[in-house]
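Okay, everyone, thanks for squeezing me in. Let me put the thing on the screen, and then I'll walk you through it.

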Amino acid sequence: MPVLVLTSARFGEHTPPPGHPERPGRQDVMDAVAARWRELGGLVTEPAPASREALLRVHSARFLETLESAAGRAAMLDADTFTSAESWNVTQLAAGAAAGAVDAVLDGRCTRAAALVRPPGHHSNRDLARGFCLVNNAAVAAARALDRGLARVAIVDFDVHHGNGTQEIFNADPRVLYVSTHQWPFYPGTGHAADVGAGAGLGFTVNVPMERGAADADYEIVFDEIVLPVTGRFEPELVIISAGFDAHEEDPIGGMRMSADGFARLTGRLCAVAGQCASGRTVLVTEGGYHLGAFAESLAACLEAMEAGAAPDAAVAAPAGDPRRGRAAAADARAAQAAFWRGL
(Lines give C-alpha, C1' and ligand atoms only; values in the text may rest on other atoms or scores of the structure.)
Protein backbone atom coordinates (compact mmCIF):
# COMPACT_ATOMS: atom_id res chain seq x y z
CA MET A 1 0.00 0.00 0.00
CA PRO A 2 1.28 3.53 -0.71
CA VAL A 3 2.81 5.58 2.07
CA LEU A 4 0.27 7.98 3.58
CA VAL A 5 1.50 11.53 4.21
CA LEU A 6 -0.27 13.67 6.81
CA THR A 7 0.51 17.38 6.74
CA SER A 8 -1.12 20.80 6.64
CA ALA A 9 -0.20 24.23 5.32
CA ARG A 10 -1.40 25.50 8.70
CA PHE A 11 1.92 24.39 10.22
CA GLY A 12 3.36 27.47 8.53
CA GLU A 13 1.33 29.64 10.93
CA HIS A 14 3.75 28.91 13.77
CA THR A 15 6.07 31.90 13.38
CA PRO A 16 9.04 32.32 15.73
CA PRO A 17 10.88 35.66 15.59
CA PRO A 18 12.63 36.64 12.34
CA GLY A 19 15.94 34.86 11.86
CA HIS A 20 14.93 31.85 13.93
CA PRO A 21 16.11 28.56 12.34
CA GLU A 22 12.73 26.86 12.89
CA ARG A 23 11.07 29.18 10.38
CA PRO A 24 7.87 28.89 8.34
CA GLY A 25 9.95 28.21 5.22
CA ARG A 26 10.41 24.70 6.56
CA GLN A 27 6.69 24.17 6.04
CA ASP A 28 7.00 25.46 2.48
CA VAL A 29 9.44 22.59 1.95
CA MET A 30 7.06 20.04 3.44
CA ASP A 31 4.17 21.39 1.39
CA ALA A 32 6.24 21.06 -1.79
CA VAL A 33 7.37 17.51 -0.91
CA ALA A 34 3.78 16.52 -0.14
CA ALA A 35 2.51 18.06 -3.41
CA ARG A 36 5.13 16.14 -5.36
CA TRP A 37 4.21 12.99 -3.47
CA ARG A 38 0.58 13.44 -4.53
CA GLU A 39 1.64 14.01 -8.15
CA LEU A 40 3.52 10.70 -8.06
CA GLY A 41 0.37 8.90 -6.93
CA GLY A 42 1.00 8.99 -3.20
CA LEU A 43 -1.65 9.61 -0.58
CA VAL A 44 -1.73 12.98 1.21
CA THR A 45 -4.32 13.99 3.79
CA GLU A 46 -5.00 16.74 6.31
CA PRO A 47 -4.69 15.76 9.98
CA ALA A 48 -7.14 16.44 12.78
CA PRO A 49 -6.03 18.09 16.05
CA ALA A 50 -5.01 15.83 18.90
CA SER A 51 -7.45 15.60 21.77
CA ARG A 52 -6.51 16.98 25.17
CA GLU A 53 -6.58 13.42 26.50
CA ALA A 54 -3.98 12.38 23.92
CA LEU A 55 -1.69 15.25 24.94
CA LEU A 56 -2.14 14.44 28.64
CA ARG A 57 -0.75 10.96 28.00
CA VAL A 58 2.71 12.50 27.65
CA HIS A 59 2.47 16.05 29.05
CA SER A 60 1.27 17.47 32.35
CA ALA A 61 -1.88 19.56 32.63
CA ARG A 62 0.25 22.47 33.86
CA PHE A 63 2.40 22.32 30.74
CA LEU A 64 -0.61 22.31 28.42
CA GLU A 65 -2.10 25.23 30.34
CA THR A 66 1.15 27.15 29.76
CA LEU A 67 0.92 26.59 26.01
CA GLU A 68 -2.79 27.34 25.92
CA SER A 69 -2.34 30.56 27.89
CA ALA A 70 -0.08 31.86 25.13
CA ALA A 71 -2.73 31.36 22.45
CA GLY A 72 -3.33 34.49 20.41
CA ARG A 73 -0.01 36.13 21.29
CA ALA A 74 3.73 35.70 21.08
CA ALA A 75 5.62 34.27 24.05
CA MET A 76 9.16 33.15 24.86
CA LEU A 77 9.24 29.77 26.63
CA ASP A 78 13.01 29.50 26.85
CA ALA A 79 16.01 31.16 25.24
CA ASP A 80 15.34 29.61 21.83
CA THR A 81 11.72 28.41 22.02
CA PHE A 82 8.89 30.75 21.10
CA THR A 83 5.19 30.75 20.36
CA SER A 84 3.17 33.01 18.09
CA ALA A 85 -0.55 33.73 17.95
CA GLU A 86 -1.46 30.45 16.22
CA SER A 87 1.10 28.15 17.86
CA TRP A 88 -1.28 26.46 20.32
CA ASN A 89 -3.67 25.47 17.52
CA VAL A 90 -0.80 24.46 15.25
CA THR A 91 0.89 22.26 17.82
CA GLN A 92 -2.36 20.42 18.59
CA LEU A 93 -2.62 19.77 14.85
CA ALA A 94 0.98 18.54 14.65
CA ALA A 95 0.42 16.10 17.50
CA GLY A 96 -2.80 15.03 15.81
CA ALA A 97 -0.90 14.27 12.61
CA ALA A 98 1.50 12.01 14.52
CA ALA A 99 -1.36 10.22 16.28
CA GLY A 100 -3.31 10.03 13.02
CA ALA A 101 -0.37 8.36 11.30
CA VAL A 102 -0.41 5.67 14.00
CA ASP A 103 -4.17 5.19 13.59
CA ALA A 104 -3.77 4.85 9.83
CA VAL A 105 -1.26 2.01 10.07
CA LEU A 106 -3.06 0.24 12.92
CA ASP A 107 -6.39 0.48 11.10
CA GLY A 108 -4.80 -1.09 8.01
CA ARG A 109 -5.32 1.93 5.76
CA CYS A 110 -1.61 1.83 4.98
CA THR A 111 1.50 0.02 6.18
CA ARG A 112 3.68 3.10 6.50
CA ALA A 113 2.75 6.73 7.19
CA ALA A 114 4.65 10.00 7.55
CA ALA A 115 3.62 13.02 9.63
CA LEU A 116 5.30 16.08 8.12
CA VAL A 117 4.90 18.55 10.96
CA ARG A 118 6.32 21.57 12.69
CA PRO A 119 7.25 22.66 15.25
CA PRO A 120 9.41 19.65 16.16
CA GLY A 121 8.91 17.93 19.49
CA HIS A 122 11.62 15.61 20.75
CA HIS A 123 13.20 18.05 23.25
CA SER A 124 9.96 18.62 25.19
CA ASN A 125 9.29 16.43 28.23
CA ARG A 126 6.18 16.28 30.40
CA ASP A 127 6.60 19.78 31.81
CA LEU A 128 8.95 21.84 29.61
CA ALA A 129 9.09 23.17 26.06
CA ARG A 130 12.63 23.74 24.81
CA GLY A 131 14.97 23.44 21.85
CA PHE A 132 12.41 24.87 19.34
CA CYS A 133 9.94 22.16 20.50
CA LEU A 134 6.44 22.47 21.94
CA VAL A 135 4.37 19.25 22.11
CA ASN A 136 6.39 16.04 21.75
CA ASN A 137 4.81 14.64 18.60
CA ALA A 138 6.71 11.33 18.50
CA ALA A 139 5.84 10.67 22.14
CA VAL A 140 2.16 11.37 21.42
CA ALA A 141 2.38 8.86 18.57
CA ALA A 142 3.92 6.18 20.80
CA ALA A 143 1.34 6.78 23.54
CA ARG A 144 -1.42 6.48 20.95
CA ALA A 145 -0.06 3.10 19.88
CA LEU A 146 0.03 1.90 23.49
CA ASP A 147 -3.55 3.10 24.00
CA ARG A 148 -4.53 1.12 20.92
CA GLY A 149 -3.28 -2.04 22.62
CA LEU A 150 0.28 -2.48 21.38
CA ALA A 151 2.71 -3.94 23.90
CA ARG A 152 6.00 -2.83 22.34
CA VAL A 153 6.79 0.34 20.39
CA ALA A 154 10.25 1.41 19.18
CA ILE A 155 11.22 5.04 18.61
CA VAL A 156 14.44 5.53 16.63
CA ASP A 157 15.70 9.12 16.56
CA PHE A 158 18.41 10.14 14.09
CA ASP A 159 18.15 13.91 14.59
CA VAL A 160 21.57 15.52 15.16
CA HIS A 161 20.43 16.42 18.70
CA HIS A 162 19.59 13.97 21.44
CA GLY A 163 15.83 13.71 22.03
CA ASN A 164 16.04 14.34 25.75
CA GLY A 165 12.30 14.95 26.07
CA THR A 166 11.33 11.64 24.48
CA GLN A 167 13.87 9.81 26.62
CA GLU A 168 12.58 11.43 29.80
CA ILE A 169 8.94 10.63 29.02
CA PHE A 170 9.59 6.92 28.49
CA ASN A 171 12.71 6.46 30.63
CA ALA A 172 11.08 3.95 32.98
CA ASP A 173 8.62 2.39 30.54
CA PRO A 174 9.70 -1.03 29.19
CA ARG A 175 6.99 -0.91 26.54
CA VAL A 176 8.85 1.79 24.62
CA LEU A 177 12.36 1.31 23.27
CA TYR A 178 14.03 4.67 22.66
CA VAL A 179 17.16 4.64 20.47
CA SER A 180 19.03 7.84 19.62
CA THR A 181 22.05 8.58 17.44
CA HIS A 182 23.27 12.13 17.98
CA GLN A 183 26.24 14.45 17.86
CA TRP A 184 28.25 14.54 21.08
CA PRO A 185 29.04 16.83 22.82
CA PHE A 186 26.22 19.05 21.63
CA TYR A 187 22.88 20.55 22.67
CA PRO A 188 21.11 19.62 24.93
CA GLY A 189 24.05 17.91 26.66
CA THR A 190 22.19 14.67 27.36
CA GLY A 191 22.30 11.25 25.76
CA HIS A 192 25.48 9.71 27.15
CA ALA A 193 25.95 6.06 26.22
CA ALA A 194 25.67 5.19 29.92
CA ASP A 195 22.11 6.58 30.04
CA VAL A 196 20.21 3.30 29.67
CA GLY A 197 16.85 3.97 31.28
CA ALA A 198 15.57 3.63 34.84
CA GLY A 199 13.56 1.19 36.93
CA ALA A 200 11.53 -1.17 34.81
CA GLY A 201 12.86 0.67 31.75
CA LEU A 202 16.51 -0.27 32.30
CA GLY A 203 17.98 -1.30 28.95
CA PHE A 204 15.16 0.18 26.93
CA THR A 205 16.99 3.47 26.35
CA VAL A 206 19.87 3.11 23.89
CA ASN A 207 22.03 6.17 23.28
CA VAL A 208 24.71 6.24 20.61
CA PRO A 209 26.58 9.56 20.92
CA MET A 210 28.79 10.26 17.90
CA GLU A 211 31.73 12.57 17.32
CA ARG A 212 31.28 15.68 15.21
CA GLY A 213 32.03 15.00 11.54
CA ALA A 214 30.36 11.57 11.34
CA ALA A 215 29.22 10.74 7.81
CA ASP A 216 27.02 8.17 6.08
CA ALA A 217 29.37 5.23 6.61
CA ASP A 218 29.72 6.04 10.34
CA TYR A 219 25.96 6.09 10.79
CA GLU A 220 25.53 2.87 8.86
CA ILE A 221 28.09 1.10 11.04
CA VAL A 222 26.20 2.28 14.13
CA PHE A 223 22.88 1.18 12.67
CA ASP A 224 24.15 -2.22 11.53
CA GLU A 225 25.99 -3.01 14.76
CA ILE A 226 23.74 -1.42 17.41
CA VAL A 227 20.47 0.19 16.31
CA LEU A 228 19.09 -2.57 14.09
CA PRO A 229 20.11 -5.56 16.24
CA VAL A 230 18.62 -4.01 19.39
CA THR A 231 15.45 -2.89 17.64
CA GLY A 232 14.99 -6.31 16.06
CA ARG A 233 15.48 -8.16 19.35
CA PHE A 234 12.96 -5.88 21.03
CA GLU A 235 10.43 -7.11 18.44
CA PRO A 236 8.38 -3.91 18.24
CA GLU A 237 4.84 -4.00 16.94
CA LEU A 238 5.38 -0.52 15.49
CA VAL A 239 8.51 1.43 14.55
CA ILE A 240 8.38 5.24 14.91
CA ILE A 241 11.16 7.23 13.24
CA SER A 242 11.93 10.57 14.87
CA ALA A 243 13.35 11.98 11.66
CA GLY A 244 15.54 15.03 12.01
CA PHE A 245 17.70 15.98 9.04
CA ASP A 246 20.04 18.41 10.77
CA ALA A 247 22.88 15.86 10.62
CA HIS A 248 23.07 16.67 6.88
CA GLU A 249 26.43 18.00 5.75
CA GLU A 250 24.86 21.31 4.62
CA ASP A 251 22.88 21.98 7.79
CA PRO A 252 23.90 25.24 9.50
CA ILE A 253 23.26 23.96 13.04
CA GLY A 254 24.78 20.48 13.12
CA GLY A 255 28.35 19.39 12.55
CA MET A 256 27.77 16.05 10.85
CA ARG A 257 28.27 15.00 7.21
CA MET A 258 25.22 12.93 6.34
CA SER A 259 23.67 12.95 2.83
CA ALA A 260 20.07 12.64 1.69
CA ASP A 261 20.83 9.16 0.37
CA GLY A 262 22.31 8.27 3.74
CA PHE A 263 19.10 9.22 5.53
CA ALA A 264 17.15 7.17 3.00
CA ARG A 265 19.29 4.11 3.69
CA LEU A 266 18.77 4.46 7.45
CA THR A 267 15.02 4.79 6.91
CA GLY A 268 15.00 1.79 4.61
CA ARG A 269 16.84 -0.30 7.17
CA LEU A 270 14.26 0.60 9.81
CA CYS A 271 11.42 -0.29 7.43
CA ALA A 272 13.10 -3.65 6.87
CA VAL A 273 13.21 -4.31 10.63
CA ALA A 274 9.53 -3.34 10.86
CA GLY A 275 8.85 -5.79 8.04
CA GLN A 276 10.38 -8.59 10.08
CA CYS A 277 8.53 -8.05 13.35
CA ALA A 278 5.85 -5.35 13.02
CA SER A 279 4.03 -6.39 9.84
CA GLY A 280 5.90 -3.51 8.21
CA ARG A 281 4.17 -0.87 10.33
CA THR A 282 6.31 2.27 10.33
CA VAL A 283 5.51 5.89 11.19
CA LEU A 284 7.89 8.77 10.41
CA VAL A 285 7.54 12.04 12.34
CA THR A 286 9.67 15.02 11.31
CA GLU A 287 11.97 16.76 13.78
CA GLY A 288 14.81 19.16 12.79
CA GLY A 289 16.49 20.10 9.53
CA TYR A 290 17.36 23.73 8.85
CA HIS A 291 19.00 23.94 5.42
CA LEU A 292 15.90 24.08 3.26
CA GLY A 293 17.40 22.42 0.19
CA ALA A 294 18.96 19.60 2.20
CA PHE A 295 15.73 19.20 4.17
CA ALA A 296 13.69 18.88 0.97
CA GLU A 297 16.06 16.39 -0.64
CA SER A 298 16.38 14.26 2.50
CA LEU A 299 12.66 14.17 3.25
CA ALA A 300 11.77 13.19 -0.32
CA ALA A 301 14.44 10.46 -0.29
CA CYS A 302 13.09 9.02 2.96
CA LEU A 303 9.53 8.89 1.61
CA GLU A 304 10.82 6.98 -1.40
CA ALA A 305 12.64 4.56 0.91
CA MET A 306 9.46 4.08 2.93
CA GLU A 307 7.52 3.39 -0.26
CA ALA A 308 10.06 0.73 -1.22
CA GLY A 309 9.85 -0.69 2.28
CA ALA A 310 13.57 -1.39 2.47
CA ALA A 311 16.95 0.22 1.97
CA PRO A 312 17.67 1.48 -1.56
CA ASP A 313 19.83 -0.82 -3.66
CA ALA A 314 22.49 1.84 -4.26
CA ALA A 315 25.87 0.97 -2.82
CA VAL A 316 26.96 2.73 0.34
CA ALA A 317 29.02 5.78 -0.64
CA ALA A 318 31.72 5.68 2.01
CA PRO A 319 33.36 9.02 2.81
CA ALA A 320 37.07 9.55 2.39
CA GLY A 321 39.12 8.11 5.21
CA ASP A 322 38.43 5.52 7.86
CA PRO A 323 34.92 5.70 9.47
CA ARG A 324 36.48 5.58 12.91
CA ARG A 325 33.72 7.72 14.45
CA GLY A 326 31.13 5.07 13.76
CA ARG A 327 33.28 2.28 15.11
CA ALA A 328 34.08 4.23 18.28
CA ALA A 329 30.42 5.11 18.85
CA ALA A 330 29.32 1.52 18.32
CA ALA A 331 31.96 0.27 20.75
CA ASP A 332 30.84 2.71 23.47
CA ALA A 333 27.17 1.82 23.02
CA ARG A 334 27.97 -1.90 22.98
CA ALA A 335 29.80 -1.62 26.31
CA ALA A 336 26.88 0.27 27.89
CA GLN A 337 24.24 -2.11 26.56
CA ALA A 338 26.03 -5.47 26.95
CA ALA A 339 24.17 -6.33 30.14
CA PHE A 340 20.79 -5.83 28.46
CA TRP A 341 21.28 -6.96 24.86
CA ARG A 342 23.67 -9.89 24.85
CA GLY A 343 25.40 -10.80 21.64
CA LEU A 344 25.81 -7.25 20.36
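**Starting from the middle: β9**

So, look at β9, which is covered on both of its faces: L238, I240 and S242 on one side are buried, and so are V239, I241 and A243 on the other. That alternation is what you'd look for, since in a regular strand the side chains alternate between the two faces of the sheet. The strand runs over residues 238–243, and six of the six are buried, so the rest of the structure largely encloses β9. Before I go on, keep in mind that this is a predicted model.

Now, who sits beside it? On one hand there's β6, residues 153–157, and β6 pairs with β9 in the parallel sense over five bridges. If you want an anchor point to click on, V153 has L238 in β9 as its bridge partner. Then there's β10, residues 282–286, which also makes a parallel pairing with β9, over five bridges. The click point there is I240, whose bridge partner in β10 is V283. To get from β9 to β10 the chain goes through helix α8, residues 260–277, and this β-α-β crossover is right-handed.

**Zooming out to the sheet**

Let's pull back. What order do the strands take in the open sheet? There are eight of them, and reading across you get β2-β1-β5-β10-β9-β6-β7-β8, with parallel pairing. At the edges are β2 (43–45) and β8 (205–210), each pairing on one side only. From one strand to the next, the twist averages 15°.

Over at the β2 edge, the neighbour is β1, residues 4–6, and those two pair in the parallel sense over three bridges. You can find the register from L6, which stands opposite T45 in β2.

**The helices**

Back to α8, as I like a quick sanity check on helix geometry. At 1.5 Å a residue, its 18 residues should span 26 Å, and the C-alpha atoms at its ends are 26 Å apart, so that agrees. And is α8 enclosed or open? Well, 13 of its 18 residues are buried, so the helix is largely enclosed by the rest of the structure.

Its partner here is α7, residues 216–234: the axes of α7 and α8 come within 11 Å and cross at roughly 15°. Angles under 35 degrees count as roughly parallel, so α7 and α8 are roughly parallel to each other. As for handedness, α7 passes α8 in a right-handed crossing.

For contrast, try α4 and α5, residues 87–106 and 137–147, which pack at about 40° with their axes 8 Å apart. That angle makes α4 oblique to α5. The handedness here is right-handed too, as α4 passes α5.

**Odd backbone spots**

Last part, and this is the bit I'd show to anyone who looks at torsions for a living. Where are the cis peptide bonds? One joins R118 and P119, with omega about 0°. P119 lies in the loop between β5 (112–115) and α5. Another joins W184 and P185, with omega about -5°, and P185 belongs to the loop between β7 and β8.

Then there are positive phi values in residues other than glycine. F132 has phi near 75°, and you'll find it in the loop between β5 and α5, where P119 is as well. With a relative accessibility of 14%, F132 counts as buried. S279 is the other one I want to point at, with phi near 55°. It follows α8, in the loop that leads to β10. Buried or exposed? S279 is exposed, at 61% relative accessible area.

One more stop, at G191, in the loop between β7 (176–183) and β8. At 0% relative accessibility, G191 counts as buried. And G191 and S180 are 11 residues apart along the chain, with their C-alpha atoms separated by 7.7 Å.

Right, that's my tour. If you open the model later, begin at β9, with both faces covered, and work outwards to the edge strands β2 and β8.

Technical notes
Residues are numbered from 1 along each chain as its sequence is written. This is a predicted model: local features need pLDDT of at least 70, side-chain atom pairs count only at pLDDT 80 or more; totals for chains, interfaces and linings use all residues. Side-chain values use heavy atoms; hydrogens and water are left out. Buried means under 20% relative accessible area, exposed over 50%, partly exposed in between (1.4 Å probe, protein chains only). Helices (H or I, at least four residues) and strands (E, at least two) are DSSP runs, numbered from the N terminus. Two strands pair if DSSP finds at least two bridges between them. A crossover is right-handed if, with the strands pointing away from the viewer, the path from the first strand over the helix to the second runs clockwise. The expected span of a helix is 1.5 Å times one less than its number of residues. Axes are lines fitted to C-alpha atoms, for helices over the stretch in contact, and angles run from 0 to 180 degrees between N-to-C directions. Angles under 35 degrees count as roughly parallel, over 145 as roughly antiparallel, 65 to 115 as roughly perpendicular and the rest as oblique. A crossing is left-handed if the near helix is turned anticlockwise from the far one by less than a right angle, and right-handed if clockwise.
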